[in-house]
Amino acid sequence: AKELGEGLSEIAKGERILILRAEKGSPELIKPLQKAGIEYRDIALYHTRYPICNAQTERVKKLLTGQCFDYVTFTSGSTVRGFMETLKPSAEMLRGFKAVCIGEETRKAAAACGMDCITALIPTMDSLAECMKKDAGNI
């Protein structure tokens with residue numbers, strides 16, 4: 001979000017920007033726009049809801065308890081929050097895997113929850129996969 005905001009602030013001087021995103025989108029996106037004095041409108045298109053406990057949730061909890069995962073991928077801070085809110089994992093469960101994070105803000109959210117994190121070099125799915133492969137020693 002920060003890099004997108006910085007990029008937009010460089011190319012949008014004198015322009016107006018419409019930002020359509022999640023209700024709880026990162027404030028890092030608009031900070032560079034504000035700093036550059038760029039006019040923008042920030043509209044929430046959706047809000048993230050986390051599922052209630054169900055059979056699938058219970059199955060994942062059992063797998064976490066058994067430390068059956070080497071890696072869990074996270075593509076945003078909201079996926080970290082959803083994981084924590086839905087599964088309510090114990091500190092021991094969180095020690096059973098590495099959190100593979102798509103970017104620095106996601107890493108900060110996962111680390112704040114006590115997860116052992118590795119972070120993709122660039123925020124793409126391919127880089128996320130490469131991050132896991134490199135960590136596993138399968139370059």
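Which residues make a nonpolar surface patch of about 440 Å²? In this predicted model, the patch is formed by Leu18, Leu20, Leu45 and Tyr46. Two strands stand behind it: β1 (16–22) and β2 (39–46) each contribute at least two of the patch residues. Leu45, for one, sits in strand β2. Its relative accessibility is 55%, and because exposed means over 50%, Leu45 counts as exposed.

Let us turn from the surface to the interior. The largest nonpolar core has 14 residues, and the members that touch the most others are Phe74, Phe83, Phe97, Ala99 and Met115. Several elements feed this core with at least two residues each, and they are listed here for easy reference while you look at the model.

| Element | Residue range | Supply to the largest core |
|---|---|---|
| β3 | 71–74 | at least two residues |
| α4 | 77–87 | at least two residues |
| α5 | 91–94 | at least two residues |
| β4 | 98–101 | at least two residues |
| α6 | 104–112 | at least two residues |

The largest share of the core, three residues, is that of α4. Phe74 is a good place to start exploring. Leaving aside residues up to four places away in sequence, Phe74 touches Thr79, Val80, Phe83, Phe97, Ala99, Val100, Cys101, Ile102, Thr106 and Met115. There is also a second core, separate from this one, with seven residues that include Ile17, Ile19, Ile30 and Ile38.

Now for a closer look at α6. Which of its residues are buried? They are Thr106, Ala109 and Ala110. These three span an arc of only 95° around the axis, so they lie on the same side of α6. The pattern fits a general rule: an α-helix has 3.6 residues a turn, so residues three or four places apart point the same way. Among the elements that cover the buried residues of α6 are β3, α4, β4 and β5 (116–119). Thr106, one of these buried residues, is also among the contacts of Phe74. After α6 comes Gly114, with a positive phi near 95°.

Another glycine is worth a visit towards the start of the chain. Is Gly14 buried or exposed? Gly14 lies in the loop between α1 (2–11) and β1. With a relative accessible area of 83%, Gly14 is exposed. Follow the chain for twelve residues and you reach Ser26, whose C-alpha atom is 23 Å from that of Gly14.

Terms used:
Residues are numbered from 1 along each chain as its sequence is written. This is a predicted model: local features need pLDDT of at least 70, side-chain atom pairs count only at pLDDT 80 or more; totals for chains, interfaces and linings use all residues. Side-chain values use heavy atoms; hydrogens and water are left out. A nonpolar core is a set of buried Ala, Val, Leu, Ile, Met, Phe, Trp, Tyr and Cys residues joined through side-chain atoms within 4.5 Å. Buried means under 20% relative accessible area, exposed over 50%, partly exposed in between (1.4 Å probe, protein chains only). Helices (H or I, at least four residues) and strands (E, at least two) are DSSP runs, numbered from the N terminus. Contact means heavy atoms within 4.5 Å. Patches are made of residues with over 30% relative accessible area and no salt bridge: like charges are joined within 9 Å, nonpolar side chains (Val, Leu, Ile, Met, Phe, Trp, Tyr) within 5 Å. Accessible areas come from the Shrake-Rupley method with a 1.4 Å probe; for residues, only the protein chains shown count as cover. A salt bridge is a side-chain nitrogen of Lys or Arg within 4 Å of a carboxyl oxygen of Asp or Glu. The arc is that of the directions from the helix axis to the C-beta atoms.
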